[in-house]
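Reader: I have a new structure open on my screen and would like to walk through it with you. Could you help me find my way around?

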Amino acid sequence: MTLPASIRFTSVFLLMLILFQSLSYAQNRTFSVRSRLFPVGPNPSAIVVHDMNDNGILDIITADRGELVDVREERPANDELSLLVGQGDLNYIKHHPSLKTGFAPYAIAIANIDAIRWPDIIVTSFHAVRGRHISLFLNLHHENVFQPVNISIPEDGLGYYRHLDSDHSPLFTKPGLTSLAVRDINNDGYRDIIATGWSSDVIVYLPGQADNFFGEPSFISARGGPRDLQLADLNGNGHLDIVSTLYSSDEVAFWQGDGRGNFTKTNRFQTRGRLPNKVRVADMNGNGRLDIIIGHRHTDDSIVIFYNDGNMQFSTSQEIMLGTDREILEHDIRDIVIADLDNNGRMDIAAACSASAKIVILLNQTSGNNGGITVRREDYSFPEGTPHALAAGDLNNNGRIDLAVTLWDVNAVGILINQGQ
């Protein structure tokens, strides 16, 4: 059967229009998805990129949490990190053997702890049985070895305020560490650790020391399930402050630092969403003040920016919904990173979404420095795997920020290459 000429013309025109729109869409996209994946351990829940051997190439480290099971089991979770050593040209070789941590490694930080040239690895564990709450790996680069040091947090002052099973036994362990930051908080020249104890409603502060790396911890009450934290000078007085999501009470809380290792609770308020998970700090609207960015998990597909008014009140906020219906979980934001992804001098947002299996990029298009921001959205998917954690860095040394993504289901790391525009 031969179609009429008018219909054939219309069909060809529509096909050309679709191809043109597809090509225009592809040309306007900031990233390309690299097809090759790099295997890591089970359920990689956190990721960082850093040049661990000073060769000018970023390496990739993942915390391979595994599946969380009953803490009374012999192995309540996995207990390793994967180190992918960069070879150049976006090629990586997995370091063997894997670095052994406490059970359920949950968060990673990189810092020079021992004052030797090479950066070290610090990891918190969620199922921290047998006292392996924090693992420090000293980077002995010339020997191709990471020397492990186990750091225990005393049980004194640690309660348990989360989930119980039918026998009224804890489902998780104390203190259930879910995030950490490593900085010189008290200005004594040594790196300190500060971490969230979600199971115990505390923030744990371990001061750095010359002899034993870290001294006895102190505890900051953080009722509401502290889940993630950041250290930043939020009020511009030269001292580091704490901002933390309170996962169980749907809040964000602030503690003002005095530069000597002491913190005073300053403010807490609702985050405009349920289950606030990740928190980041950046100047989003270009007014010179650090704003707070919150990503919600499981129930809300929302990212909320709280704009800094200079007095740690954050009374103005902006909500960015990734989904179309607040009552339907379409994306499930597991991680967010903030970086200037399109080199326009503005900070952008990338979100790893497990339900939609997408990386959502929100490019900051704001031209002024007052009020909120406007964004242009791009969505990316890998052929397989569920995005869970993100890290940003120039992986191919071309002056643009790329993204490394942990992928559940396939237990691998994928890469989004920043191709610019």
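**Loops, core and pocket**

Author: Happy to! Let us start at Asn 187, which sits in the loop between β12 and β13. Please keep in mind that this is a predicted model.

Reader: Is Asn 187 buried or exposed?

Author: The cut-off for calling a residue exposed is over 50% relative accessible area. Asn 187 has a value of 53%, so this residue counts as exposed.

Reader: And what is the phi of Asn 187?

Author: Most residues other than glycine have a negative phi. Asn 187 is not a glycine, yet its phi is positive, at about 60 degrees.

Reader: Asp 201 also has a positive phi. Where does Asp 201 lie, and is it buried or exposed?

Author: Asp 201 has a phi near 55 degrees, and its place is the loop between β13 and β14. Buried means under 20% relative accessible area. Asp 201 has a relative accessibility of 12%, so it is buried.

Reader: Which peptide bonds are cis, and in which loops are their prolines?

Author: Most peptide bonds are trans. One cis bond joins His 96 and Pro 97, with omega about -5 degrees, and Pro 97 lies in the loop between β6 and β7. Another joins Lys 174 and Pro 175, also with omega about -5 degrees. Pro 175 is in the loop between β11 and β12.

Reader: Moving to the strands, which side chain makes a polar contact with that of Glu 251?

Author: Glu 251 belongs to strand β18, residues 251–257. With a relative accessible area of 12%, under the 20% cut-off, Glu 251 is buried. Among the residues it touches are Ser 244, Phe 269 and Pro 276. The polar contact, at 2.5 Å, is with the side chain of Arg 268.

Reader: Which residues of the largest nonpolar core touch the most other members?

Author: In soluble globular proteins, nonpolar side chains tend to be buried together. The largest nonpolar core here has 21 residues, and the strands that each supply at least two of them are β8, β10, β11, β12, β13 and β14. The members touching the most others are Ile 122, Ile 134, Leu 136, Leu 180, Val 182 and Ile 193.

Reader: How many residues are in the second core?

Author: This core is separate, and it includes Ile 303, Ile 305, Ile 336 and Cys 353. Its residues number 17.

Reader: What does the lining of the largest pocket look like by class?

Author: The largest pocket holds about 1,100 Å³ of space and is lined by 40 residues. Lying nearest its centre are Val 48, Ile 108, Leu 180, Gln 230 and Arg 280. The strands that each supply at least two lining residues are β3, β8, β12, β16, β20, β24 and β28. By class, the lining has 24 nonpolar, seven polar and nine charged residues.

Reader: Leu 180 has come up in the core and the pocket. Which residues does Leu 180 touch?

Author: Here we leave out residues up to four places away in sequence. The contacts of Leu 180 are Ala 107, Ile 108, Ala 109, Ile 122, Thr 124, Ile 193, Ile 194, Ala 195 and Leu 229.

Reader: One last stop: what separation is there between the C-alpha atoms of Gly 238 and His 163?

Author: Gly 238 is in the loop between β16 and β17, and at 58% relative accessibility it counts as exposed. Gly 238 and His 163 are 75 residues apart along the chain, and their C-alpha atoms are separated by 39 Å.

Notes. Residues numbered from 1 in each chain as written. Predicted model: local features only at pLDDT ≥ 70, side-chain atom pairs only at ≥ 80, totals over all residues. Heavy atoms only, no water. Helix = DSSP H or I, 4+ residues; strand = E, 2+ residues; numbered from the N terminus. Buried < 20%, exposed > 50% of the residue type's maximum accessible area, 1.4 Å probe, protein only. Polar contact = N/O pair within 3.5 Å; in protein donor to acceptor, adjacent residues only side chain to side chain. Contact = heavy atoms within 4.5 Å. Core = buried A, V, L, I, M, F, W, Y, C linked by side-chain atoms within 4.5 Å. 1 Å grid on protein atoms, 1.4 Å probe; cavity = no way out; pocket = protein on both sides within 12 Å on 5 of 7 lines; lining within 4 Å. Points joined across faces, edges and corners; volume = space filled by probe spheres on them. Nonpolar A, V, L, I, M, F, W, Y, C, P; charged D, E, K, R; others polar.
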